[in-house]
Amino acid sequence: MAHWRSFLNNVKNNDVWTAHQFTKKRLGVMVPGGHTHVSASSLNESIMQHFFPPNPSPVALRPLVFVKLEEKDEVDATEVSQALLKCSNNSAPGPDQVPYGVWKGIHTVNYHVIPKLINHLLSWSIHPPSLKDSLGILLPKPAKGDYDAFASYRVIALMQTFSKIAERIINQRLIKFAKLNGLYSIRQIGSLPQRATFDTGISLRHWVQEAQAAGLKASTMFLDIKGGFDNVDHSTLLRRLQTKSVPDYMVK
């Protein structure tokens with residue numbers, strides 16, 4: 001108790017949040033479905049089936065063909081630097097256990113390394129399976145009554161840091177291409193630069209007040225599509241990208 005009082009008396013800046021965490025009730029060690037399985041192997045099979053079901057329509061394998069990128073399509077050091085700015089050194093790494101700080105150090109010492117690695121991936125139009133490995137961490141959702149149920153947990157995927165860097169670069173290129181070619185709705189707010197949740201709230205408030213000013217009643221319905229991204233049909237997505245003239249190396 002004396003140590004606790006001493007800590008509180010000398011708390012500074014962000015230490016107050018550490019103190020707050022200490023006062024919260026901590027959940028014990030829990031395993032979803034742990035009481036309904038007689039062996040670890042059967043429990044593991046159920047967890048994998050629920051949280052990581054097999055893809056019903058996997059992308060078909062295709063032969064590797066090297067196509068040299070045009071100079072305008074090559075990733076440069078500036079793009080890598082911008083991507084690394086968004087990467088926190090405190091982020092947990094994936095299976096390779098290489099934190100972002102290592103890649104930042106490499107880029108500082110030799111800014112040719114990372115662009116050359118990513119350009120090779122784009123030239124071969126492939127993201128190697130070895131770079132797709134990730135660690136799936138099950139986290140209990142707060143205030144759930146039954147922590148034996150799978151629905152009381154969510155999964156976070158810790159991807160390999162190099163994959164995330166490459167992903168950020170391609171993502172920014174896709175956003176830029178979509179904006180220049182009018183490929184997304186003006187009403188879309190999420191996943192776009194300079195458009196955040198705050199803008200959604202302001203827009204909703206405006207529409208409600210506009211309706212009330214006209215003497216109408218306003219109501220709002222929110223939908224949460226479960227597993228939306230996990231169930232995107234790859235062949236349909238690729239076909240639409242191709243019809244919109246997205247650069248071939250990005251489609252592949």
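**Exercise 1. Determine which residues serine 152 contacts, leaving aside neighbours within four places in sequence, and whether serine 152 is buried or exposed.**

Solution. Step 1: beyond its neighbours within four places in sequence, serine 152 is in contact with Leu139, Pro140, Lys141, Lys144, Asp146 and Tyr147. Step 2: in this predicted model, serine 152 sits in the loop between β1 and β2 (153–159). Step 3: the relative accessible area of serine 152 is 5%. The cut-off for buried is under 20%, so serine 152 is buried.

**Exercise 2. Place serine 125 in the chain and classify its accessibility.**

Solution. Step 1: the loop between α6 (113–124) and β1 (134–140) holds serine 125. Step 2: serine 125 has 9% relative accessibility and therefore counts as buried. Step 3: residues up to four places away in sequence are not counted, and serine 125 then touches Arg62, Tyr249 and Lys252.

**Exercise 3. Describe the surroundings of isoleucine 114 and give its C-alpha separation from phenylalanine 162.**

Solution. Step 1: isoleucine 114 belongs to helix α6. Step 2: its relative accessibility is 0%, so isoleucine 114 counts as buried. Step 3: with neighbours within four places in sequence set aside, the contacts of isoleucine 114 are Val80, Trp103, His107 and Phe162. Step 4: isoleucine 114 and phenylalanine 162 are 48 residues apart along the chain, and their C-alpha atoms are separated by 8.7 Å.

**Exercise 4. Find the phi values of glutamine 97 and serine 245, and locate both residues.**

Solution. Step 1: glutamine 97, a residue other than glycine, has a positive phi near 60°. Glutamine 97 is found in the loop between α4 (77–85) and α5. Step 2: serine 245 is not a glycine either, and its phi is positive at about 65°. Serine 245 is found in the loop between α9 (234–243) and α10 (248–251). Step 3: the cut-off for exposed is over 50%. Serine 245 has 55% relative accessibility, so it counts as exposed.

**Exercise 5. State how many helices and strands the chain has, and where the mean pLDDT is lowest and highest among its elements.**

Solution. Step 1: there are 10 helices and 2 strands in the chain. Step 2: along the sequence they follow the pattern α-α-α-α-α-α-β-β-α-α-α-α. Step 3: the lowest mean pLDDT among the elements, 68, is that of helix α2 (residues 15–23), and the highest, 96, is that of helix α5 (residues 100–109). Step 4: for the chain the mean pLDDT is 85, with 90% of the residues at 70 or more.

**Exercise 6. Compare the radius of gyration of the chain with that of a compact globule of 252 residues, then describe its extent, burial and contacts.**

Solution. Step 1: a compact globule of 252 residues would have a radius of gyration near 18 Å, whereas the chain has 24 Å. Step 2: taken along the principal axes, the box filled by the C-alpha atoms is roughly 65 × 60 × 50 Å. Step 3: of the 252 residues, 21% are buried. Step 4: among contacts with a separation of 6 or more, 60% join residues 24 or more positions apart.

**Exercise 7. Give the area that the chain exposes and the distance between the mean positions of its positive and negative charges.**

Solution. Step 1: the chain exposes about 19,200 Å², and carbon and sulfur atoms supply 58% of that area. Step 2: the chain has 29 positive and 19 negative charges, and their mean positions are 7 Å apart.

How values were computed. Residues numbered from 1 in each chain as written. Predicted model: local features only at pLDDT ≥ 70, side-chain atom pairs only at ≥ 80, totals over all residues. Heavy atoms only, no water. pLDDT = per-residue confidence, 0-100. Helix = DSSP H or I, 4+ residues; strand = E, 2+ residues; numbered from the N terminus. Rg over C-alpha atoms; globule rule 2.2 N^0.38 Å. Buried < 20%, exposed > 50% of the residue type's maximum accessible area, 1.4 Å probe, protein only. Contact = heavy atoms within 4.5 Å. Areas by Shrake-Rupley, 256 points an atom, 1.4 Å probe, with all protein chains shown as cover. Lys, Arg positive; Asp, Glu negative; His and termini not counted. Charge placed at Lys NZ, Arg CZ, Asp CG, Glu CD.
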